[in-house]
Amino acid sequence: MKTLFLINHSHTDIGYTDRQEDIALQHVEFIRQAMAIIDQELKANGHTDFVWTCENYWQVQNFFSEATDAEKRRFDEYVERGYIDVSLNAFNMTELVDKDVLTDVLGEGRAWANTLERKLDSGMACDVNGFGWAYADALLDNQIDNFFTCVHGHHGTPPLFEDQVPFWWQTADGRKLLVWNGTHYQFGDELYIIPGGQMSYLISDEHNGDITSPQMPIAHERIFKYFEALAARGYAYDFAPAMISGYVSDNAGPNEALLASIAAWNAQYGDEIRIQLIGLNQFSRICAVRT
């Protein structure tokens, strides 16, 4: 059996889909919506498979600036229980920022994470096509030992000229940062798992532009073909990660319908390829052990 790990998040692109100040408030509401989904699931079932990852600490900072004390406590609780995960990267930033600034801004997330009982040691950056040498130092200086990248193919190619590759980024002083060099940050949406979220960007097949056919047969075809393509190139692992958004857009909120879609997939095909929502830090644990 193979596993498709989906990291459920909202890609932050400040100013792309709306004004900066509006996007900041939208991400506050996305966290509230994610917590409402978790609340509902816990009330109905006593547990939930829903996991929401905050793509950066900037989202969390904005949430804390708007949230009530009760919301802040509930957020921290859900992070500690693993229902919400947080990337300790500050933003999706340019490589021109120097080490001093990087270290300081990453330190804000580290200071908050140190107040929690659960260990957070991972960051992610999406739609960024370059990182300065100082970036790895600043991450490691803030006990961020794992990093997930999703390079955007519009303006460059991934390191090593291949995606879905883990590697060690070694700093000048010999320290190592474990990096998962992932694929496009909405690739999970291309797999037709999100209801009503048909998308074709990296995948080119006869289903491009098809928004009327039932999604599950297309999801079956695309997911199985994807794992076959990974195996054909010599991919060594029995799992693959993919970022997914609740809607096909940057700055997109959570979508609780994803749970039913995953459950339907696992009921039909889970004995061959199982789909699981997973947080960024949870994935880092698996990556460290299996790679």
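Which strands does helix 9 lie across, and at about what angle does helix 9 run to strand 4? The points below take this up after the conventions.

1. Conventions. This is a predicted model, in which local features need pLDDT of at least 70, side-chain atom pairs count only at pLDDT 80 or more, and totals for chains, interfaces and linings use all residues. Residues are numbered from 1 along each chain as its sequence is written, and side-chain values use heavy atoms, with hydrogens and water left out.

2. Helix 9 and its sheet. Helix 9 lies across strand 4, strand 5 (146-150), strand 6 and strand 7, and runs at about 105° to strand 4. Helices (H or I, at least four residues) and strands (E, at least two) are DSSP runs, numbered from the N terminus. Angles run from 0 to 180 degrees between N-to-C directions, the axes being lines fitted to C-alpha atoms, for helices over the stretch in contact. Contact means heavy atoms within 4.5 Å.

3. The mixed sheet. In this open sheet 4 strands follow the order 4-5-7-6, with mixed pairing; two strands pair if DSSP finds at least two bridges between them. Strand 4 (122-126) and strand 6 (165-170) each have a single partner strand, so one side of each is left without a neighbour in the sheet. Neighbouring strands here are turned by 25° against each other on average, direction ignored.

4. Strand 7 and its partners. Strand 6 and strand 7 run antiparallel and are joined by 6 bridges. W169 stands opposite L177, and W168 stands opposite L178. The two strands form a hairpin with 5 residues between them, and G174 in the turn has a positive phi of about 90°. With strand 5, strand 7 pairs in the parallel sense over 5 bridges; there T149 stands opposite N181. Strand 7 is largely enclosed by the rest of the structure, because 6 of its 7 residues are buried. Buried means under 20% relative accessible area, exposed over 50%, and partly exposed in between (1.4 Å probe, protein chains only).

5. Aromatic pairs. Rings of Phe, Tyr and Trp (its six-membered ring) pair if their centres lie within 6.5 Å; planes under 30 degrees apart count as stacked, over 60 as edge-to-face and the rest as tilted. By this rule the count comes to 26 aromatic pairs. W180 and F283 are edge-to-face, because their ring centres are 5.5 Å apart and their planes stand at 85°. This pair links distant parts of the chain, with W180 in strand 7 (residues 176-182) and F283 in helix 9 (residues 280-290), 103 residues apart. W180 is buried at 1% relative accessibility, and F283 is buried at 1% as well. Y237 and F239 form a tilted pair, at 5.7 Å centre to centre and 35° between the planes. Here Y237 is partly exposed, with a relative accessible area of 21%, whereas F239 is buried at 0%. One aromatic cluster takes in F5, F148, W180, Y235, Y237, F239 and F283.

6. The parallel sheet. A further open sheet has 3 strands in the order 8-1-9, with parallel pairing. Strand 8 (239-244) and strand 9 (273-277) stand at its edges, each with a single partner strand, so one side of each is left without a neighbour in the sheet. The twist averages 25° from one strand to the next. Strand 1 (residues 2-8) and strand 9 pair over 5 bridges, and L6 has L277 as its bridge partner in strand 9. Helix 8 (residues 257-269) packs on this sheet, touching strand 1, strand 8 and strand 9, and its direction makes about 160° with that of strand 9.

7. Nonpolar core. A nonpolar core is a set of buried Ala, Val, Leu, Ile, Met, Phe, Trp, Tyr and Cys residues joined through side-chain atoms within 4.5 Å. The largest has 88 residues, and those with the most contacts inside it are F75, W112 and I193. Not counting residues up to four places away in sequence, I193 touches L6, G188, Q215, A219, I223, I244, L258, S261, I262 and I275.

8. Two loop asparagines. N142 lies in the loop between helix 5 (133-141) and strand 5, and N142 counts as buried at 7% relative accessibility. A polar atom of the N142 side chain lies 3.4 Å from the backbone nitrogen of G107. N129 is found in the loop between strand 4 and helix 5, and N129 is partly exposed, with a relative accessible area of 37%. Leaving aside neighbours within four places in sequence, N129 is in contact with V151, H152, H155 and G156.

How values were computed: A polar contact is a pair of N or O atoms within 3.5 Å; within protein, one must be able to donate a hydrogen and the other to accept it, and residues adjacent in sequence count only if both atoms are side-chain atoms.
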